[in-house]
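Visitor: I should like a close look at one part of this model, namely the place where two chains come together. Please describe that part in a single connected account.

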Amino acid sequence: MKLKIAWLYRDLMSTYGDRGNIICLTQRCQIRHIDVEVKNITLETSVKELNKCDVIFMGGAQDRQQKLAGGDFLKNKGPVIKKMVEENIPSLFVCAAYQAVGHYYRPYKGADIPGPGILDLTTKHLGDQAKRLIGDISAEIINIKELNGKTIVGFENHGGRTSLGAKLKPFAKVIKGFGNNGEDGYEGAVYKNAIGSYFHGPILSKNPHLADWLIGCALEIKYQKDVELEPLDDELEWKAHDFMLKRL
Amino acid sequence: MNLPLILLGKLVFYISRILKIGSGGTWPGEIALKLNPNIIRFFSVKLKKGVIIVAGTNGKTTTSLMIRNILQHQGYEVLHNDSGANLLNGIASAFIQQISWWGKLDRDWGVFEVDENSFPAVISNFSLDFSRDKQLVIVFLNLFRDQLDRYGEVDVIAEKWTNAIKMLPKEAKIILNSDDPQIAYLGKNIKQKVVYFGLNNTKLFLDGPEHATDSIFCLNCGNRLTYDGIYYSHIGIWKCEKCGEKRPNPQVSEWPSPLSGVYNRYNTLACVATALCLGIDSEKIKEAFTDFLPAFGRQEEIEIHGKKIKIFLSKNPAGFNESLRTILSQGAEEILFVLNDRIPDGRDVSWIWDVDFEMLPFYITPVVSGDRVYDLALRIKYSRQIHKLPENAVNLPQRPILIYEDLKKALDFCILSPKKEKTLFILATYSAMLEVRKILKGRKIL
């Protein structure tokens, strides 16, 4: 079996150790002898390359870099990803990417920054005096039937507050931390096989079940059959996971 | 009148030293600033020659120590915040510690390393009379992603610096790294004299770019920069092929470094550029370097029970990669990694995934410890799993990663290792480095 991972804007949107997700996905495939190829999809890359991919990942960015990527994303890559997500391609958008896939991002000054509306959500920055939501975070997955009830751990660092559209489901229920807006107790969003999350950077490293869900899902969509992934020795992954769950 | 303030500050300093509270570097200044927010202005007027400020993500402590040594070698008396306390309160504390009980400050130069975010606040606190030939030199070393949860992103810091430079008097001199695009750009259209330092040594180019780079797009037009060669992270010989913006020619580009590692070549060049800018003779600069000893935790060497130990503070991806490359070039075989997530380290440890642990040779058995020992072990696990193994040998047994939650036990294990002759290299984040020193030397800082 073979998988192609699209890594969006690795040179612009990979500020918080986001590469960890690509490393985890790649290695968890390779150990299972699944051929895996990572496609760097950046400003100059044609959308044809993107279209051939089976999994999508897009990470966090600084403001200037996000602006540099923003135009290309809105015009070129975004609409293609929207179509792919509609076709059930598993995707993971974290941090700045999570905000970028919504309808718009409203900064505290200046005009709204439009997004391609891949996920039905909007994000607002409440002003430069508003507290940034920063810290370790844990949550319980809801709305992904294979993973419901399982915990996830990570770190969040965002100024924007995200609200989901009426029909968009949250990804998880916050145990400790802030999540989407620090108010409603929910974290991230799930639509078909796409996940958006404020768990930034290497979200998959301490949450191997989530990594495997993306891989399994990608294989099932690509090969149109049930896929049972061979279990791996994840003792260390779970130790790191449980250590943070306990500490929080 | 500031005399009572000085008395109080000095008392706090001695009490905290006697009680070993360990905050002697910041408390006296904190209290003094509360009582008189202008205290640094009052102190700085007393410096006879002037002030040198060193800012940047990596290399502040080493560079400021080098500058201090050169000035001392010239016979100057130097005030220096050598404890590494580099916020406003640390600088005020350094003054209080060295001023006499009667408020007399017999120092020619003040050399201060300054925190990235605090730079604007610190610089606005100094008062120098340029009509009396006093000097202000500011050194900007580099800007890398570092403790993003605390500092914010590098662009935000660069913007703060740009605004702060605008407020500086035209007599100030600015020393800039030509090879860091974001630092070089600080020198555009400013009224002060600028001296650039940078490396012209194609032999030191990396084979390919590292993953962790922050400034690889043109600050003028936004286009992707092209590099003739990269020394590390985004540091190299850069240009923009769209708008023609390019790396300025460095006036200082060659000097033997007293410490290993490409990053220390830059620290040395920055220091030499500063010294030359002050009119110090190059022969004198050379002499001053001959007996240079590193700052605490920065390639510092310690010997315990006949075991040689070298400590490398490694606190962000760019610095960590440089430390790794440096110790591997020295043939490191025994390595202890310590990762903490306290406030001085940054609470977020995500950055370890931007470090290229993949360069660790396969025969090394890494020992890991610290508050976030499992995160670090996991990162190293994923750097070794497939990497550098013969084809079709994915399931070969690996060299184990040795995990110690307890730092003392990790150190005991490493120091008592059977290979006494092998140097132990310790790469640690800030608070972890201090803890290591406390265990090995009985004290955290100096």
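Guide: In this predicted model, chain A and chain B bury about 3600 Å² between them, and carbon and sulfur atoms give 51% of that area. On the side of chain A, the residues that lose the most area to chain B are Arg19(A), Arg64(A) and Leu236(A), which together account for 18% of what that side buries. Counted by residues, the interface brings 43 residues of chain A into contact with 37 residues of chain B.

Charged side chains take part in this interface: eight salt bridges are found across it. Arg64(A), already named among the residues that lose the most area, meets Asp155(B) through its side chain in a salt bridge, with 3.5 Å from N to O. Polar contacts between chain A and chain B amount to 22 residue pairs, counted where both residues have pLDDT 80 or more.

The side of chain A that touches chain B draws on both helices and strands. Helix H1 (19–30), helix H3 (63–86) and helix H6 (235–247) of chain A each supply at least two residues to it, as do strand E8 (133–141) and strand E9 (151–158) of chain A. By residue class, that side of chain A divides into 16 nonpolar, 13 polar and 14 charged residues.

Chain B also holds an interface within itself, which may be set beside the one just described. The domain assignment of chain B gives domain 1 (3–289) and domain 2 (298–441), and the centres of these domains, taken over C-alpha atoms, are 28 Å apart. Here 24 residues of domain 1 of chain B are in contact with 23 residues of domain 2 of chain B. The two domains of chain B bury about 1800 Å² between them, with 43% of it on carbon and sulfur atoms.

Three salt bridges are found across the interface of domain 1 and domain 2 of chain B. The side chains of Arg145(B) and Asp354(B) also meet in a salt bridge, at 2.8 Å from N to O. Polar contacts between the two domains of chain B number 12 residue pairs, both residues at pLDDT 80 or more.

On the domain 1 side of chain B, helix H4 (60–73), helix H7 (148–151), strand E7 (226–232) and helix H10 (262–277) each supply at least two of the residues that touch domain 2. H10(B) gives the largest share of that side, three residues. The residues of this side of domain 1 of chain B divide into eight nonpolar, 11 polar and five charged.

Terms used. Residues numbered from 1 in each chain as written. Chains lettered and ligands numbered in written order. Predicted model: local features only at pLDDT ≥ 70, side-chain atom pairs only at ≥ 80, totals over all residues. Heavy atoms only, no water. Contact = heavy atoms within 4.5 Å. Buried area = accessible area lost by both parts, 1.4 Å probe. Salt bridge = Lys/Arg side-chain N within 4 Å of Asp/Glu carboxyl O. Polar contact = N/O pair within 3.5 Å; in protein donor to acceptor, adjacent residues only side chain to side chain. Helix = DSSP H or I, 4+ residues; strand = E, 2+ residues; numbered from the N terminus. Nonpolar A, V, L, I, M, F, W, Y, C, P; charged D, E, K, R; others polar. Domains from an automatic or database assignment.
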